[in-house]
Amino acid sequence: MLAVVIMEKIVKELKACKTFYDFLVYIRDTEGLELVQDNGWYWLEYNGEEIEGTGKERFTSSSEMNDLLRLAGL
């Protein structure tokens, strides 16, 4: 039950992010939250459990990849 409340809070806070970069920073800075990818498809997991509604998002634009590289410090 607590995990569901935490996941709902995470989704609410992610939706409040104004930019993709803010979205990525929030993921990086939230303990237990992870951006997972498989064959180009991305979703979010909290402590190993997929957060409902985040599955099968595909990041394809060059600006999104630039944000990922900037976040990585490259």
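**A walk around Tyr46**

Okay, let's start with one residue. Setting aside neighbours within four places in sequence, Tyr46 is in contact with Ile6, Met7, Ile10, Glu31, Gly32, Leu33 and Ile51. Before I go on, please keep in mind that this is a predicted model.

So where does Tyr46 sit? Strand 2 covers residues 41-46, and strand 2 belongs to an open sheet of three strands, in the order 1-2-3, with antiparallel pairing. The edges are strand 1, at 33-38, and strand 3, at 49-50, and each of those pairs on one side only. Strand 1 and strand 2 run antiparallel and are joined by six bridges. If you'd like one pair to find on screen, take Leu35: its bridge partner in strand 2 is Leu44.

Now for the helices. Helix 1, residues 2-15, packs on the sheet and touches strand 1, strand 2 and strand 3. Its direction makes about 130° with that of strand 2. Helix 2, residues 20-29, packs on the sheet too, touching strand 1 and strand 2. Here the angle is about 110°, taken with the direction of strand 1.

What about the inside? In soluble globular proteins, nonpolar side chains tend to be buried together. In this model the largest nonpolar core has 12 residues, and Tyr46 is one of them. Some of the residues that Tyr46 touches, including Met7, Ile10, Leu33 and Ile51, are in that core as well. And Leu44, from our bridge pair, is there too.

Which element gives the most to this core? That's helix 2, with five residues. Helix 1, helix 2 and strand 2 each supply at least two.

How values were computed
Residues numbered from 1 in each chain as written. Predicted model: local features only at pLDDT ≥ 70, side-chain atom pairs only at ≥ 80, totals over all residues. Heavy atoms only, no water. Pairing = 2+ DSSP bridges. Helix = DSSP H or I, 4+ residues; strand = E, 2+ residues; numbered from the N terminus. Contact = heavy atoms within 4.5 Å. Axes fitted to C-alpha atoms, helices over the stretch in contact; angles between N-to-C directions. Core = buried A, V, L, I, M, F, W, Y, C linked by side-chain atoms within 4.5 Å. Buried < 20%, exposed > 50% of the residue type's maximum accessible area, 1.4 Å probe, protein only.
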